[in-house]
Amino acid sequence: MKRYDALSLFSGGLDSVLAARTLMDQGLSVLCLHFVSPFFGKPGRLVHWREAFGLDILALDVGQEYVRMLSDGPAHGLGKFLNPCIDCKIFMLDRAVALLPEYGAKFVATGEVVGQRPMSQRLDALHVIRRDSVAREVLLRPLCAKRLPVTPMEQSGLVDRERLHAMSGRSRKEQLELAGRMGLPEVPTPAGGCMLTEMESVRRYFPIFIHHPEPGATDFELANIGRQYWAGPLWLTIGRNQSDNARLEAALAENDLVFKVRDHPGPLALARRLPGAVWDEAAIRDAAAFVASFSPKARLAGKETAVSVGGAAMSPVWAVPARETPLSWREPAWDEAAGDKAALFAARRRNRELGLA
Ligand code: SF4
């Protein structure tokens with residue numbers, strides 16, 4: 001296996017490219033680590049990034065552990081939406097440090113820049129991340145190193161501090177100039193895109209935290225698909241098009257129920273049975289009527305239609321298509337969830353500490 005001097009966190013954003021290339025320009029060998037979860041990561045871009053930027057990049061699926069960290073209630077809290085940026089950075093650094101021996105690497109690098117992001121890159125936040133991560137003595141931030149205390153890697157001469165940078169603030173000017181000097185063939189967007197910072201995504205995720213004591217990565221992968229509807233703890237995902245339907249088929253888990261209008265074109269719908277959610281006959285009939293309402297022809301017919309229900313050995317169910325049903329299926333709204341956010345995650349954290357979840 002190839003050995004490296006450093007492992008560098010790599011989101012695919014410009015700063016992560018510049019950080020790795022800064023070290024490589026000193027003659028150090030760098031392996032970029034691209035973390036993948038239901039919320040971030042674009043493993044499909046690896047080939048392009050390797051070719052465009054001349055980097056060695058390894059994709060690492062950390063979805064399950066990341067979801068556990070988030071659902072346990074991150075120690076340093078959440079940002080504007082469901083982004084646990086400080087704990088996220090600590091999580092990634094800890095994972096990277098654990099990989100150092102495997103690659104013979106001596107330190108971990110990041111593309112952080114002092115003052116660039118409100119939550120995780122304020123100077124005090126950078127100190128907290130260093131303090132609370134196991135990377136403490138082996139963490140180097142090449143883009144703003146000259147604004148931070150000298151690290152052991154610089155002291156020992158492994159890294160030439162003079163060839164590191166002193167970037168700070170939210171302006172992209174210095175990064176763009178450096179990208180130009182490095183001759184990058186393209187300038188990636190600032191960061192790789194994280195769905196925990198997007199309202200459209202977090203409104204989909206929040207009900208899972210309310211209703212599932214121990215969610216897994218596949219739950220959030222499902223929440224990324226199609227239309228999301230909830231009736232209390234009952235959860236229904238409805239495909240919007242062929243692509244959604246194919247993704248739903250791929251997402252199907254052992255205990256899921258699949259709904260499909262039998263005699264008319266219509267979407268696929270998947271009900272995930274969460275712990276404590278009672279999918280009795282009435283609930284299945286209700287969901288069948290709701291799913292059938294997404295089939296224009298079934299709705300036009302205006303009478304009972306057959307809805308196949310897979311996974312429960314009880315097909316088909318006959319139901320009149322109806323958008324308003326006794327269970328009142330609703331798409332989750334972030335505005336309603338936001339007020340409960342701090343309390344919910346604090347309670348989750350408390351339960352975890354008490355061993356109740
Ligand atoms: S934006 Fe997302 S990926 Fe980036 S640090 Fe925050 S939680 Fe982590």
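**Exercise 1: a pocket and its walls**

Find how many residues line the second largest pocket, and name those that lie nearest its centre.

*Solution.* Step one: the second largest pocket has a lining of 15 residues, and Pro207, Glu331, Pro332, Ala333 and Glu336 are the ones nearest its centre. Pockets and cavities are found on a 1 Å grid over the protein atoms alone: a cavity is a set of points where a 1.4 Å probe fits but cannot get out, a pocket is an open set with protein on both sides within 12 Å along at least five of seven lines, and lining residues have an atom within 4 Å of a point.

A quick word on what you're looking at: this is a predicted model, where local features need pLDDT of at least 70 and side-chain atom pairs count only at pLDDT 80 or more, while totals for chains, interfaces and linings use all residues. Residues are numbered from 1 along each chain as its sequence is written, and side-chain values use heavy atoms, with hydrogens and water left out.

Step two: the volume of the second largest pocket comes to about 270 Å³. That volume is the space filled by probe spheres set on the grid points, which are joined across faces, edges and corners.

Step three: α8 (199-211), β6 (227-231) and α13 (334-338) each give the lining at least two residues, and α8 has the largest share, with five. Helices (H or I, at least four residues) and strands (E, at least two) are DSSP runs, numbered from the N terminus.

Step four: sort the lining by chemistry, and you get eight nonpolar, two polar and five charged residues. Here Ala, Val, Leu, Ile, Met, Phe, Trp, Tyr, Cys and Pro count as nonpolar, Asp, Glu, Lys and Arg as charged, and the others, Gly among them, as polar.

**Exercise 2: following α8 away from the pocket**

Which residues of α8 are buried, and which elements do they pack against?

*Solution.* Start with the helix itself: α8 has 13 residues and reaches 19 Å from first C-alpha to last, close to the 18 Å expected at 1.5 Å a residue. The expected span is 1.5 Å times one less than the number of residues.

Next, the buried residues of α8 are Ser201, Val202, Arg203, Arg204, Tyr205, Phe206, Pro207, Ile208 and Phe209. Buried means under 20% relative accessible area, exposed over 50%, and partly exposed in between (1.4 Å probe, protein chains only). Pro207 turns up twice, then: buried in α8 and among the residues nearest the pocket centre.

Finally, the partners: the buried residues of α8 pack against α3 (63-71), α9 (217-223), β6, β7 (234-238), α13 and α14 (341-354).

**Exercise 3: a loop next to a helix**

Is leucine 327 buried or partly exposed, and what does it touch?

*Solution.* Leucine 327 is in the loop between β11 (317-319) and α13. Its relative accessible area is 29%, so leucine 327 counts as partly exposed. Skip neighbours within four places in sequence, and its contacts (heavy atoms within 4.5 Å) are Ala231, Leu234, Ala283 and Asp286.

Now look at α11 (residues 281-292). Ala283 and Asp286 are buried there, along with Ile284, Ala287, Ala288, Ala289, Phe290, Val291 and Ala292. Since nine of its 12 residues are buried, α11 is largely enclosed by the rest of the structure. Phenylalanine 290 and leucine 327 are 37 residues apart along the chain, with their C-alpha atoms 9.5 Å apart.

One more stop in that loop between β11 and α13: serine 328. Its phi is near 50°, a positive value in a residue other than glycine. Serine 328 is partly exposed too, at 31% relative accessible area.

**Exercise 4: the ligand shell and the cavity**

Which residues surround the ligand, and which ones line the largest cavity?

*Solution.* Around the ligand sit Phe40, Tyr66, Asn83, Pro84, Cys85, Cys88, Cys194 and Thr197, each with a heavy atom within 4 Å of it. That shell splits into six nonpolar, two polar and no charged residues.

For the cavity, the volume is about 30 Å³, and the structure holds one cavity of 30 Å³ or more. Its lining is Arg130, Leu140, Arg141, Ala145, Leu148, Pro149, Thr151, Glu154 and Arg161. By chemistry, that's four nonpolar, one polar and four charged.
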